[in-house]
Every structure is written in structure tokens, then in C-alpha cells.
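Visitor: I am new to this structure and would like a close look at one part of it. Please take me through that part slowly, explaining each term as it comes up.

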Amino acid sequence: SGYYRVMLRKAPYLGLDVTGGAGATGNGAKIQLWGVGTPAGTNQQWRPVALGNGFFNFVARHSGECLDVPGQSTTNGLQLQQWDCNGTVAQAWGLAQQP
């Protein structure tokens, strides 16, 4: 289907989850780590969309909104959110292979 779970390497039972479940479709819904069931809820499914140069948008299946850094902040500990896909750097994610 083109959608994936985005899982935590050291805790593979946890994945990116839009707080509030499948009904949370609006801008600003917070992203959390949450246990992933089988199958994962649509609020835990993300479609990577290539932007070029190794960067991607991650689009939530249930809302069609993008994984977003509020205010393009670089502050440690900031909680991510979903937001209308808008082409800003706050929604451009790179993937790095770990040794």
C-alpha cells in the first residue's frame, strides 16, 4: 500500500503514533511513541514521499497530513505534530543508515 510503520530501533514494539487515534485529523495533533498493534492503526501508518537529495515527507494515512516540526524549531525535546503538507524544511526528513 506504500504505507509503513516508523519504529524505534531499540524498542521495535513502539512506533510513531498520532495522538487521539484515527479521528485526530486536524493540524497540530501531537505525535507520540506508542505500542503498535497488528495491524497498526491508520494513525500509525506513514507514507514516505521522496523530495529528492535523500529527503522525504512522511504522510499519515488517516489524515493525509505531514509529520512536522512546530515552528521549524531545533530545540531538544520538542514534540512533533501533524500539519498540512506545505513543502517547508519542517517537514523534510532524511534517513541515515546506522552501522
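Guide: A residue is called buried when its relative accessible area is under 20%, exposed when that area is over 50%, and partly exposed in between, as found with a 1.4 Å probe on the protein chains only. Q82 counts as buried because its relative accessibility is 0%. Before going further, please keep in mind that this is a predicted model, in which local features need pLDDT of at least 70 and side-chain atom pairs count only at pLDDT 80 or more, while totals for chains, interfaces and linings use all residues. Residues are numbered from 1 along each chain as its sequence is written, and side-chain values use heavy atoms, with hydrogens and water left out.

The part I have chosen is strand β6 and the residues around it. Strands here are DSSP runs of E with at least two residues, numbered from the N terminus. Strand β6 covers residues 66–68, with C66 among them.

Let us start at C66, which takes part in a disulfide, that is, a pair of cysteine sulfur atoms within 2.5 Å. Such a link is a covalent bond between the sulfur atoms of two cysteines. The count by this rule is one disulfide, and its partners are C66 and C85, whose sulfur atoms lie 2.0 Å apart. The pair ties together distant parts of the chain, since C66 sits in strand β6 whereas C85 sits in the loop between β7 (81–83) and β8 (93–94), 19 residues apart. The link of C66 and C85 is right-handed, with 100° about the S-S bond. The two ends also fall into separate accessibility classes: C66 is buried because its relative accessibility is 0%, whereas C85 is partly exposed because its value is 41%.

From C66 we can step across to N57, using contact to mean heavy atoms within 4.5 Å. N57 belongs to strand β5, residues 55–60, and it is buried because its relative accessible area is 10%. Leaving aside residues up to four places away in sequence, N57 touches C66, and also R47, P48, V49, L51, Q91 and A92. With Q91, moreover, there is a link through the side chain of N57, which reaches the backbone oxygen of Q91 at 2.7 Å. This is a polar contact, meaning a pair of N or O atoms within 3.5 Å, where within protein one atom must be able to donate a hydrogen and the other to accept it, and where residues adjacent in sequence count only if both atoms are side-chain atoms.

Q91 leads us back to strand β6, where D68 is placed. The side chains of D68 and Q91 are joined by a polar contact of 3.0 Å, so Q91 is reached by D68 as well as by N57. D68 is buried because its relative accessible area is 4%. Not counting residues up to four places away in sequence, D68 has contacts with L80, Q81, W83, A90, Q91 and W93. For a sense of distance, V6 lies 62 residues away from D68 along the chain, and their C-alpha atoms are separated by 14 Å.

Past the strand we come to Q72, in the loop between β6 and β7. Q72 is partly exposed because its relative accessible area is 44%. Beyond residues up to four places away in sequence, Q72 touches T88, V89 and A90; with A90, it is 18 residues apart in sequence and 4.7 Å apart in space, C-alpha to C-alpha. A90 is also among the contacts of D68. Most residues other than glycine have a negative phi. Q72, though not a glycine, has a positive phi of about 55°, and a positive phi of about 55° is also found at N53, again not a glycine. N53 is in the loop between β4 (46–52) and β5, and N53 counts as exposed because its relative accessibility is 79%.

Finally, we return to Q82, with which I began. Q82 is placed in strand β7, and its side chain reaches the backbone oxygen of G26 at 3.0 Å.

Methods:
Helix = DSSP H or I, 4+ residues; strand = E, 2+ residues; numbered from the N terminus.
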